[in-house]
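Trainee: Please take one part of this model and go through it closely. I would like a single connected account rather than a list.

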Amino acid sequence: IDTDHKVLVQLINDLYLEMASGDGKEIINSTLDQLVDYSKNHFRREEWLMKSVDYPDFENHEAQHDAFIAMISKFLKSANSDSITLDMANFLKSWLSNHILVTDKKLAYHFELKNITKQGPGK
């Protein structure tokens with residue numbers, strides 16, 4: 001999960017750099033597509049892990065994932081007709097930071113309570 005988070009943060013950083021350098025919509029849209037794809041895969045892995053340990057806040061956590069994907073998809077649709085805005089990039093950074101530092105921390109605490117480490121249960 002932590003490795004996934006690093007990739008997601010890097011994709012958002014790439015988006016900022018592309019916007020700042022004035023890269024074309026095709027490059028920016030490509031990064032947004034990568035962000036959507038990687039987010040979906042990450043969320044699937046995280047949700048599988050939550051189910052495997054009977055995480056009590058699963059439904060709320062999953063709803064946050066769904067809302068994030070919906071928002072990025074909305075940005076992608078508007079990006080295809082308009083320009084990418086700094087507001088969008090700020091939303092992505094803010095949402096991801098908050099999700100990792102608050103919501104995923106609760107999940108990590110649950111893993112600790114279940115004695116699950118990076119190597120797996122009870123190791």
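Mentor: His42 has a relative accessibility of 1%, and because buried means under 20%, His42 counts as buried. The model is predicted, and in it His42 is found in helix α2, which covers residues 25-52. Setting aside neighbours within four places in sequence, the contacts of His42 are Ile1, Asp4, His5 and Leu8.

Two of these, His5 and Leu8, also lead to another helix. Both are among the α1 residues in contact with α4. Helix α1 spans residues 2-20 and helix α4 spans residues 86-113; their axes come within 10 Å and cross at roughly 165°. Angles over 145 degrees count as roughly antiparallel, so α1 and α4 are roughly antiparallel to each other. The crossing of α1 past α4 is left-handed. On the α1 side, the contact is made by His5, Leu8, Val9, Ile12, Leu15, Tyr16 and Met19. On the α4 side, the residues are Leu86, Met88, Ala89, Asn90, Leu92, Lys93, Leu96, Ile100 and Asp104. Sorted by class, this contact of α1 with α4 has 12 nonpolar, 2 polar and 2 charged residues.

As for the setting, the protein chain has 4 helices and 2 strands, in the order α-α-α-α-β-β along the sequence. Of its 123 residues, 36% are buried, His42 being one of the buried residues. Among contacts in the chain with a separation of 6 or more, 74% are between residues 24 or more positions apart. The chain exposes about 7,400 Å², with 54% of that supplied by carbon and sulfur atoms.

Definitions and conventions:
Residues are numbered from 1 along each chain as its sequence is written. This is a predicted model: local features need pLDDT of at least 70, side-chain atom pairs count only at pLDDT 80 or more; totals for chains, interfaces and linings use all residues. Side-chain values use heavy atoms; hydrogens and water are left out. Axes are lines fitted to C-alpha atoms, for helices over the stretch in contact, and angles run from 0 to 180 degrees between N-to-C directions. Angles under 35 degrees count as roughly parallel, over 145 as roughly antiparallel, 65 to 115 as roughly perpendicular and the rest as oblique. A crossing is left-handed if the near helix is turned anticlockwise from the far one by less than a right angle, and right-handed if clockwise. Contact means heavy atoms within 4.5 Å. Ala, Val, Leu, Ile, Met, Phe, Trp, Tyr, Cys and Pro count as nonpolar, Asp, Glu, Lys and Arg as charged, and the others, Gly among them, as polar. Buried means under 20% relative accessible area, exposed over 50%, partly exposed in between (1.4 Å probe, protein chains only). Accessible areas come from the Shrake-Rupley method with a 1.4 Å probe; for residues, only the protein chains shown count as cover.
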